[in-house]
Amino acid sequence: AALEHSARAPGSRVRAFALAEDGPPVALLDETSPALPRRSRTRDRHVDRFVAEHRARLLERYTPLIDAGLRRSEIADAVDRVGRLDPVAGADDIELIIVSDLRESSALGRWNRRATLPTTRQVLRRTSVRRLFEPASLVGIRVFVLHALLPGRRLDSSAAHEARLRERWESLFQRAGAADVIFG
């Protein structure tokens, strides 16, 4: 959906990142969509081609990272770093789309089991100490979280646990000043 939106909005840019085992999030794509043809039939073919080419490129680059698995899952740190990147010059709207199982496993806690999920207050305090999701760090950015279970992962979860996970993340995004937070 992000690629199609970018292809239909000349000058749009998609920057895709992946969480890697060591170091900062790995940048996988930084493309500007070319100008749209004027004729609608040509325009639709352009969009289809753009989406197909870039989707294949992303899948090719993401698959080894997904297959490798991670011992730690420092999602909050990665999202905070990506959110603080310098915006693309002249960008009017910035949308941060996160595809994740939302299971933080770091110094912030282990969020994969009901018994180890910290309270919202603990999460806010721990991220504040680490200077993550500081006020105004996501101002004007619309956040979309696509809750996805990675292949081969089984989770100890329930609907109530999922609701508590979303509550923790939403509180972080709101504290950072996100314009909108949508879970899907």
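Start by selecting Glu167 and Arg168, whose side chains meet in a salt bridge with 3.6 Å from N to O. As you look around, keep in mind that this is a predicted model. Which of these two is buried, and which is partly exposed? Glu167 is partly exposed, with a relative accessible area of 42%, while Arg168 counts as buried at 7%.

**More charged pairs**

Side chains of opposite charge can pair when their charged atoms come close. How many salt bridges does a search of the whole structure find? It finds 10.

For another one, select Arg8 and Asp44, where the closest N and O atoms are 3.5 Å apart. This pair links distant parts of the chain: Arg8 sits in helix α1 (residues 2-8) and Asp44 in helix α2 (residues 40-68), 36 residues apart. Arg8 is partly exposed, with a relative accessible area of 37%, and Asp44 is partly exposed with a value of 37%.

Next, pick Glu134 and Arg84, which form a salt bridge of 3.5 Å, N to O. Here too, distant parts of the chain are linked: Glu134 is in the loop between α4 and β6, Arg84 is in the loop between α3 (75-83) and β3, and their positions lie 50 residues apart in sequence. Glu134 is partly exposed at 27% relative accessible area, and Arg84 counts as partly exposed at 36%. Now add Asp80 and Arg131 to your selection: salt bridges that share partners join Asp80, Arg84, Arg131 and Glu134 into one network.

**The aromatic cluster**

Time to change scenery. A search of the whole structure finds four aromatic pairs. Select Trp111 and Trp169, a tilted pair with 5.2 Å centre to centre and 55° between the planes. Trp111 lies in the loop between β5 (109-110) and α4 (120-129), and Trp169 lies in helix α5 (residues 159-175), so the pair ties together parts that are 58 residues apart in sequence. Are these two buried or exposed? Trp111 is buried, with a relative accessible area of 0%, and Trp169 counts as buried at 1%.

Keep Trp169 and add Phe173: these two form a stacked pair, 6.0 Å centre to centre with 25° between the planes. Trp169 and Phe173 are four residues apart in helix α5, so about one helical turn separates them. Like Trp169, Phe173 is buried. Finally, bring in Phe133, and you have one aromatic cluster made of Trp111, Phe133, Trp169 and Phe173.

**Into the strands**

Now show strand β3 (residues 94-100) beside strand β6 (residues 141-147), which pair in the parallel sense over seven bridges. To find one spot along this pairing, select Ile98, whose bridge partner in β6 is Val145. Then move on to strand β7 (residues 180-183), which runs parallel to β6 and is joined to β6 by four bridges. Val143 has Val181 as its bridge partner in β7.

Go back to β3, the strand that holds Ile97. Ile97 is partly exposed, with a relative accessible area of 36%. Select Ile97 together with Val99 and Leu146 to see a nonpolar patch on the surface, with about 260 Å² of accessible area together.

The last stop is Ser100, also placed in β3. Ser100 is buried, with a relative accessible area of 10%. A polar atom of the Ser100 side chain lies 2.8 Å from the backbone nitrogen of Leu102.

Technical notes. Residues numbered from 1 in each chain as written. Predicted model: local features only at pLDDT ≥ 70, side-chain atom pairs only at ≥ 80, totals over all residues. Heavy atoms only, no water. Pairing = 2+ DSSP bridges. Helix = DSSP H or I, 4+ residues; strand = E, 2+ residues; numbered from the N terminus. Patch = residues over 30% accessible without salt bridge, like charges linked within 9 Å, V, L, I, M, F, W, Y side chains within 5 Å. Areas by Shrake-Rupley, 256 points an atom, 1.4 Å probe, with all protein chains shown as cover. Salt bridge = Lys/Arg side-chain N within 4 Å of Asp/Glu carboxyl O. Buried < 20%, exposed > 50% of the residue type's maximum accessible area, 1.4 Å probe, protein only. Phe/Tyr/Trp six-rings, centres within 6.5 Å; stacked < 30°, edge-to-face > 60°. Polar contact = N/O pair within 3.5 Å; in protein donor to acceptor, adjacent residues only side chain to side chain.
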